[in-house]
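Trainee: I have this model open and would like a close look at a single part. Could you walk me through one stretch of loop and its surroundings?

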Amino acid sequence: MSAQEITPARHEVEPTGRRMRVLLVGKSYPDRGGIPTFLEMLRGGALAERHDVRLLNVAHDGVRQGGKFTTGNIGRTIRDTLDVRKNGRRADVVHIHSALAPAVTVVRAGLLALAGRSRGCRVVVHAHGGNIQTWLTTPLRRAVMRLAMAPAHSVVAVWTAGEDALREVLPAGKVTLIDNGVPLDRVPEPGAPNDPPRILYVGLLTPRKGVLDLVEASRILRERGADHELHLLGGAPDEGPEAEAAVRDNLPPWVTLLGTRDPADMPAEYAAADIFSLPSWWEAMPLSILEAMAGGLPVVGTDVGDIGRAIDDGVTGRVVPVQDPEKLADALEPLVRDVAVRREMGAAGRRRVEEHFAADVTARNLDRLYQDLDRRKR
């Protein structure tokens, strides 16, 4: 689906029905990344005005072991399943947020869904991961997904390829697409142009996010005489410290590591930048791209997930091939050299988010889903 094919009309539905008790289940802060950001948006936005929203935060301390079959993950899954069952007795909807791949993550989400279902709740599993379609490639994996998602009443995809992959595996009517959205009420105007211009990356520090591809593109730009700064903002990935080390150990001296930031501080980071780039190897619908566009930045991203549906190529930014630093540098160079081009694309990106990817639109669609599930129950 091209960027021009997005239409907001299907979202314009006024909330109807009763106020419900919603238990959000997922990893929130101090974890970083798309799911924690999304959960905080739901807790502090229009959905919380419409319903009684509580959060069961299943983030944990210690070395990250995301997607791995370890005794630690087994123990945490058992504890979290019991917590969902305990807290589910005071909920109408249990809304579970998961990457939903690989197998360990799928089974975990299924157990949490079963716990919510056992309390008589309507259960929604929200699939945020960008590699579901590449994981669902064998009969065994498809069988695992069907079995794990059996307790869920609805599975939400946030990008079109994930929606298609899940629809092929799960029963008809069970999968729905709801676009990610970002809040617009606290976004400052872009700051004065930096000299040299500042390219910002926001995401986990792992090779799969294309960080080293961006570093290589930065080196190419420097060789071409396109002076700039490169700032990387992010922390440890779920796959563990080895992935973070692979990035940190290969950074040249001109790259600035910003560490992590609280969500409230992120708008200021976007406002302080001139260009945003996320050259991931796979994604769904990354919130960082939408946040950067909301902040008035031109965005350069790879053609994975629904990045090509978020970015209007040539209008709000550029979409480039994955793992191609040369093409990435080609897309960044005009933005580095011309402040007028940056500002024009950034303004167009802000308008695009307002029209299609605002947090209130996401909240209205979730409300509509909750009400539909509630009516089916009765």
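Mentor: Happy to; here is the loop between strand 3 and helix 4, followed by some related spots. Keep in mind that this is a predicted model. The loop runs from the end of strand 3 (93-98) to the start of helix 4 (103-118), and P102 sits in it. A cis peptide bond links P102 to A101, with omega about 5°. The loop also holds L100, whose phi is positive, about 60°, although L100 is not a glycine. L100 is buried, because its relative accessible area is 0% and the cut-off for buried is under 20%.

Two other places make good companions for this loop. A cis peptide bond also joins D195 and P196, again with omega of about 5°; P196 lies in the loop between strand 6 (175-177) and strand 7 (198-202). Q323 is a residue other than glycine with a positive phi, near 55°, and its place is the loop between strand 12 (317-320) and helix 13 (325-337). Unlike buried L100, Q323 counts as partly exposed, at 47% relative accessibility.

To put the loop in its setting, the chain has 15 helices and twelve strands, and 54% of its 378 residues count as buried. A compact globule with 378 residues would have a radius of gyration near 21 Å, so the 20 Å of this chain agrees. Among contacts between residues at least 6 apart in sequence, 76% join residues at least 24 apart.

How values were computed. Residues are numbered from 1 along each chain as its sequence is written. This is a predicted model: local features need pLDDT of at least 70, side-chain atom pairs count only at pLDDT 80 or more; totals for chains, interfaces and linings use all residues. Side-chain values use heavy atoms; hydrogens and water are left out. Helices (H or I, at least four residues) and strands (E, at least two) are DSSP runs, numbered from the N terminus. The radius of gyration is taken over C-alpha atoms; the globule rule is 2.2 Å times the number of residues to the power 0.38. Buried means under 20% relative accessible area, exposed over 50%, partly exposed in between (1.4 Å probe, protein chains only). Contact means heavy atoms within 4.5 Å.
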